[in-house]
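Hi everyone, thanks for coming. I'd like to walk you through one model this morning, so please have a look at the sequence and the structure before I start.

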Amino acid sequence: MVIQLFPLWALLLSGVAFLQPSLFTGLSSQIVPLLTIIMLAMGLTLSPADFKQVLKNGKAVGVGVLLQFLVMPIAAFCVAFAFGFDTELTVGMLLVGSVAGGTSSNVMCYLAKGDTALSISMTAISTLLGVVLTPFLVSLMIGQSVDVPVASMLMSLFKIVLLPVAGGVLINTFFSKFVRKAEPIFPYISMFAIVLIIAIVVALSASKIVQVGMIVAAAVILHNAIGLILGYWVTYLLGFDARICRTIAFEVGLQNSGLAAALAVKFFTPMAALPGTIFSVWHNISGSLLASYWSRRPVVDNHHTETSK
């Protein structure tokens, strides 16, 4: 129940941070450590067997990851352009669009009767690829008008994402019994960390939120909707069954926006972190609503009209 109320906690703490920013601004240096904790917690839920799923679902994983790093960056750029965003907000939108899928997609996929093993594999693969692709895509799209520290961002992603995830997988592999006992607390740790990151970013950009908050929220909602819709319908048109379509919809539409916000604060400005902050709250709301809708509908093979096993 506590985890399901994640958007509520995020909104409540964001409200406190907005009204009393001084409570959180001093914690800005803790954003990266908090994100590292989230990545470690994710790694602890993975095992080498999860990565082997890539071989079993190679086509689905390939299509999903391709959509992840094509649809979301391009959509982010187009939405930012359509809304007439300045450089700071455009960078923020591109960071959200260029990071890997969010871990919340695994939970939403499970609730929506999708292919959870595929979801976990896709999140893991996109997370690893994102270490290289995120700085490359941001630089490619906006590098001409703003100095994107590709090398520094690459090294940070290596430290913040790759090392903790790999460390978590290794710990889970060699100390699986201990990890199984502690596993129930991992979602709570991740939720606490991401909610705190959101609050810190809100506090750092509180003065600007009044001016552009609603406009950025509208852009974020549109961006998220594009990812969810294209993630589902492109895979549907390619002939995948309903479970895989639902899975890829979540993988494409739900981003690791906490990472986007952290990178924005570290390498750009608090204002650039605003899209990631709002996305972190919104995609959990939209994802929960969609998962709830799909959970009440039987998983029917889109192309053979029979219930999937």
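Let me begin with a definition: a residue is called buried when its relative accessible area is under 20%, exposed when that area is over 50%, and partly exposed in between. Please also keep in mind that what you see is a predicted model.

With that cut-off, Cys-245 counts as buried because its relative accessibility is 0%. Cys-109 is buried as well, with a relative accessible area of 0%. So how many disulfides does the model have? The count is 0. Why is Cys-109 not bonded to Cys-245? The closest cysteine sulfur to that of Cys-109 is the one in Cys-245, and at 12 Å it is too far for a bond; a disulfide would need the two sulfur atoms within 2.5 Å. Seen from the other end, Cys-245 is in no disulfide either, with the sulfur of Cys-109 as its nearest cysteine sulfur.

Cys-109 also brings us to the next topic, since Cys-109 is in contact with Phe-250. Setting aside neighbours within four places in sequence, the other contacts of Phe-250 are Ser-105, Met-108, Ala-112, Leu-228, Gly-287, Leu-290, Ala-291 and Trp-294. Where does Phe-250 sit in the bigger picture? In the largest nonpolar core, which has 92 residues, Phe-250 and Leu-95 are the ones with the most contacts inside the core. Helix H10, residues 186-204, supplies the largest share of this core, 12 residues. There is also a second, separate core of 5 residues, and among them are Ala-41, Leu-44, Val-179 and Phe-186.

Now for the pocket people. The second largest pocket has a volume of about 460 Å³. Of its 20 lining residues, those closest to the centre are Leu-11, Ile-209, Gly-213, Ala-217 and Ile-278. Which helix gives the most to this lining? That is H11, with 9 residues. Helix H1 (6-19), helix H11 (206-237) and helix H14 (274-295) each supply at least two residues of the lining. If you are thinking about electrostatics, the lining has 15 nonpolar residues, 5 polar ones and no charged ones.

One last stop is Ser-121, in helix H7, which covers residues 116-142. Is Ser-121 buried or exposed? Its relative accessible area is 1%, so Ser-121 is buried. Gln-68 is 53 residues away from Ser-121 along the chain, and their C-alpha atoms are separated by 13 Å.

That's my tour, and I'm happy to take questions.

Conventions: Residues are numbered from 1 along each chain as its sequence is written. This is a predicted model: local features need pLDDT of at least 70, side-chain atom pairs count only at pLDDT 80 or more; totals for chains, interfaces and linings use all residues. Side-chain values use heavy atoms; hydrogens and water are left out. A nonpolar core is a set of buried Ala, Val, Leu, Ile, Met, Phe, Trp, Tyr and Cys residues joined through side-chain atoms within 4.5 Å. Buried means under 20% relative accessible area, exposed over 50%, partly exposed in between (1.4 Å probe, protein chains only). Helices (H or I, at least four residues) and strands (E, at least two) are DSSP runs, numbered from the N terminus. Contact means heavy atoms within 4.5 Å. On a 1 Å grid over the protein atoms alone, a cavity is a set of points where a 1.4 Å probe fits but cannot get out, and a pocket is an open set with protein on both sides within 12 Å along at least five of seven lines; lining residues have an atom within 4 Å of a point. Grid points are joined across faces, edges and corners, and a volume is the space filled by probe spheres set on the points. Ala, Val, Leu, Ile, Met, Phe, Trp, Tyr, Cys and Pro count as nonpolar, Asp, Glu, Lys and Arg as charged, and the others, Gly among them, as polar.
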